[in-house]
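Me: Hi! Could you walk me through this one? I'd like to start with the core.

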Amino acid sequence: MTNLTEKRKITIMIAIITSMFFSAINQTIIGVAMPRIIAKLGGMDYYSWAITIYLLTSTVASILVGKLSDIYGRKPFILTGIGLFSLGALLSGFSADIFQLIAYRAIQGAGAGIIMSTAFTAMGDLYEPRERAKWTGVMSAVFGVSSVAGPLLGGYIVDHLDWHWVFWIFLPIGVLAFLLILIHFPQVEKREGESVDYWGSALLTTTIVPMLLAFSWAGEGANKYAWDSWQIIGLLAVSVLSLLLFLWVETKVKTPVLPLNLFKNSIFTVSNLVGFFLNAGMMGAIIYVPFFVQGVKGISPTMAGYVAMPMSIAMLVTSALSGQIITKTGKYKKMAVGGLLVMTVGMVLMYFMEPSTPIYQLVLYMILLGLGMGIAMPVFSLTVQNAVAPQQLGVATATSQLFRNLGGTIGIAVMGSVMSASMTTKMTQLYGTMGQGTASASADPALAEKLALFSNPQNLLDQPKIEAALQSLPPESQALFTHMLDVIREAMSYGITTTFLTGAIVAAFAVVLALFLKEIPLRSGKGKGQKAAEGHAVLNQTKEIQV
């Protein structure tokens, strides 16, 4: 499709960006609203499933559709993705209980995975990598816009409207995106000589799903299992066995769902490994920033959205600028390494935060983190697409998305375990220094009930509940419990900042890996007389980096 007119390409890109925005804004708007939705529907014990099921279906759908879109073209799949996502959103708004919500979120997740996979791949069909860089920055900026607007809008809706509208408000954009793709996106013929790898698809699914479930369920707390429990070990065993069978099948079939020869390309392999560690460090760390803002600093959820906004804006601006710079220079390695370094430094600085840290200082650290993410994140999708043959664009892009999803899921799970363990250790240490005050308070049943409230760090996220409990205490007990509150905040701060350090270490691995990223010229659609020569040069360099 690179031979289309520039006007037609821009029209198609507007349609693609509209579909991406529709998917992204629906994800970010739900995050802040989900606690209120669960409160209305009930089923708090199944809260994590509403998030986990979305991630599962999204990850599986994104990788499975990659090869299929290479065979049948992108149009039917991106239309299917928009349709599934819209249906899931519509039905989610009609949910009568938590189990219906989980089922409908599964449909939404499948649609989101298809949209994200085919949208970035379709951009690769339209533009050569050098021109693609600026659009990569724009598409990354879409996530920045949605991450700024989504939480603020979601909070407003659940406070002032019915929660159903969280799912329904952007459905007209989904209809618009569907129509734009249907009308303007060209249909391509089925690629002859290709077949669907059913066995590989099934085994890849049974590799991914048990692994994500194991990392999502492992840890401490309600509906969690210990890392050495038979449930977690069993899931991981199924995943390993399926992986071994999958690798064997992929060497036998004619058209594998994930061609293993792609991993002989060092750029493809290094870029995907960096994407894995980047997302593991980034998602595993920044997801706990709201815990610090609301739990440790005592800031309301609405204000917490404003605290996080500068980071999103920084990411939005630098992602757009980095795409423009890469398009102009054709270089990407220095930007990749530099962005990862800035991101790592931002997380290291966040490790040194404590309850007394001024909020402006936290905002500055988060801006630094956002700057690094905005510079680095667009690069690695671009390097993957630039390093593979055009006929493998879909499966390569889907594989890149898979590695990022796996990194984010595993990172969140591991960081959660790190935070829980660190917080427990710190609370045990601090409680040992509190002396007789706690013991005497525990002897009074009424005060012991209040003590139980304050001993649960999760209650720090409910500031009105904390304030009401403090006001209900007799004056002579308020000083003691205020001190206890400070102790718990210190323990929570210690646990959360330890996750930032862990995230920084993981991000440092990404920096080291990025140093091994080979830089080859970005293919360009400009200069038709030189295009064939450039293509041969890039192809030769790509062959040279096969290992």
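Me: Which residues touch the most other members in the largest nonpolar core?
Reply: Met13, Ile16, Met139, Ile181 and Ile208 do, in a core of 81 residues. A nonpolar core here is a set of buried Ala, Val, Leu, Ile, Met, Phe, Trp, Tyr and Cys residues joined through side-chain atoms within 4.5 Å; buried means under 20% relative accessible area, exposed over 50%, and partly exposed in between, with a 1.4 Å probe and protein chains only. Helix H1 (residues 6–41) gives this core its largest share, 14 residues. Helices (H or I, at least four residues) and strands (E, at least two) are DSSP runs, numbered from the N terminus.

Me: Is this a predicted model or not, and how are residues numbered?
Reply: It is a predicted model, where local features need pLDDT of at least 70, side-chain atom pairs count only at pLDDT 80 or more, and totals for chains, interfaces and linings use all residues. Residues are numbered from 1 along each chain as its sequence is written, and side-chain values use heavy atoms, leaving out hydrogens and water.

Me: Back to Ile16, what is it in contact with?
Reply: Leaving aside neighbours within four places in sequence, Ile16 contacts Ala119, Ala122, Met123, Leu126, Met139, Ile181 and Phe185. Contact means heavy atoms within 4.5 Å.

Me: How many helices and strands are there?
Reply: The protein has 20 helices and 0 strands, and buried residues make up 53% of its 547 residues.

Me: Now Ala421, where is that?
Reply: Ala421 sits in helix H15 (residues 393–431). Ala421 counts as partly exposed because its relative accessibility is 36%.
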